[in-house]
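This report walks through one protein chain for a reader who has not met it before. It moves from the whole chain to single helices and then to individual residues.

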Amino acid sequence: MVIDRLKRIYSALLVPFYTDESVNYDALRRLVQMQLADGVEGFYCCGSSGEGLLLTLEERQKIVQTVLDEVNGRVPVIAHTGTIRTADVITLAKHACAAGCAAISMIPPYYYRFTMDEICGYYEDVIAAVPEIPVILYNIPQFTGVEFSKQNAGRLLDNPNIVGIKHTSNNLYSMERMSTAYPDKLIINGFDEQYLSALSAGANATVSTTANLFAPLFVAIRRAFVERRMEDARDLQRQLNDRVEALIAASIFPATKYGCTLRGVDCGSCRRPFAPLKEDGRIIVERTVSAPYDLG
């Protein structure tokens with residue numbers, strides 16, 4: 001089944017830039033290879049961590065194609081195609097489908113206070129235009145102002161073309177309710193600091209910013225959870241949370257990029273209006289990336 005193949009640990013893949021903010025595609029290829037060696041099981045391209053909404057449509061398509069070429073079928077690639085204009089989403093979705101992505105994912109349209117009927121229509125328009133590719137809802141209310149739940153997203157989750165939801169929300173009750181109501185859907189955790197708790201609430205995949213740096217911790221947490229070694233799982237989650245807390249304190253996206261640079265793949269800075277990482281942030285990242293962790 002499509003769903004079973006997608007139950008994985010995904011990197012919310014960063015996009016490296018040169019100093020002039022152009023995309024460094026050579027570094028992107030090296031980043032993919034480094035993370036595959038770390039144990040990443042799939043890639044989620046052009047999402048929040050990948051600065052997707054700061055990229056042009058052409059850049060988003062080329063990034064997805066580059067990752068697919070570098071992966072060469074070894075792991076699934078999900079393209080985030082969401083943006084505010086439906087026609088642009090369809091353009092990105094058609095490209096992702098033709099290029100060979102395993103699925104697409106979409107934030108709801110933002111800025112204007114669209115009704116839920118309009119939001120559902122946005123997804124349904126994309127599905128009608130590109131029915132061949134599975135769709136994953138992207139629930140990230142702190143950025144979009146839209147909180148999906150079992151109640152308001154039922155019309156979408158009942159659609160067979162929509163195979164799951166990426167739940168980047170602290171509301172684990174809502175995650176559990178969707179998981180229980182839709183046991184055949186992909187329930188993707190989006191907050192690294194709650195990965196273990198999300199597994200308990202029914203998550204069967206995760207898309208992670210810090211998997212760009214610490215993928216082995218995610219693999220170990222899942223293994224301990226499956227084997228019911230809960231004390232070990234909590235200790236592993238604590239080790240991950242120590243790192244998440246530090247990177248958030250430094251500024252999560254620029255900090256994660258600098259962490260990858262320290263590991264040998266120069267990712268540059270985030271695009272403006274993101275500010276460059278400050279010196280105190282660099283010190284935090286250097287200390288965090290160099291700190292050993294115990295996988296048990």
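## Charge and overall form

The protein chain carries 30 positive and 34 negative side chains, and the centres of these two sets lie 2 Å apart, where Lys and Arg count as positive, Asp and Glu as negative, and His and the chain ends are not counted. The place of a charge is taken as NZ of Lys, CZ of Arg, CG of Asp or CD of Glu.

The model is predicted, so local features need pLDDT of at least 70 and side-chain atom pairs count only at pLDDT 80 or more, while totals for chains, interfaces and linings use all residues. Residues are numbered from 1 along each chain as its sequence is written, and side-chain values use heavy atoms, with hydrogens and water left out.

The protein chain has 13 helices and 8 strands, these being DSSP runs (helices H or I of at least four residues, strands E of at least two) numbered from the N terminus. Its radius of gyration is 18 Å, close to the 19 Å that the globule rule gives for 296 residues, so the chain is as compact as a globular protein of that length; the radius is taken over C-alpha atoms, and the rule is 2.2 Å times the number of residues to the power 0.38. Along its principal axes, the C-alpha trace spans about 50 × 50 × 35 Å.

Of the 296 residues, 56% count as buried, a term for under 20% relative accessible area, with exposed meaning over 50% and partly exposed in between (1.4 Å probe, protein chains only). Among contacts (heavy atoms within 4.5 Å) with a separation of 6 or more, 70% are between residues 24 or more positions apart.

## Helices 11 and 12

Helix 11 (residues 230–250) has 21 residues and reaches 30 Å from its first C-alpha to its last, close to the 30 Å expected at 1.5 Å a residue, the expected span being 1.5 Å times one less than the number of residues. Its buried residues, which include Ala233, Leu236 and Arg243, pack against helix 9 (195–200), helix 10 (211–226), helix 12 (252–262) and helix 13 (279–290). Ser251 follows helix 11 and has a positive phi near 110°.

In helix 12, 8 of the 11 residues are buried, so this helix is largely enclosed by the rest of the structure. The buried residues of helix 12 pack against helix 2, helix 10, helix 11 and helix 13. In the loop between helix 12 and helix 13 lies Pro273, and the peptide bond from Arg272 to Pro273 is cis, with omega near 15°.

## Residues of helix 2

Gln35 lies in helix 2 (residues 25–38) and is buried, with a relative accessible area of 0%. Leaving aside neighbours within four places in sequence, Gln35 is in contact with Ser11, Leu13, Val40, Phe43, Ala211 and Asn212. Met34, also placed in helix 2, counts as buried at 12% relative accessibility, and, not counting residues up to four places away in sequence, Met34 touches Asn212, Cys260, Arg263 and Val265.

## Two loop residues with positive phi

Cys46 and Tyr111 each have a positive phi without being glycine.

| Residue | Phi | Loop | Relative accessibility |
|---|---|---|---|
| Cys46 | near 65° | between strand 2 (42–45) and helix 3 (57–71) | 1%, buried |
| Tyr111 | about 75° | between strand 4 (103–106) and helix 5 (116–129) | 70%, exposed |
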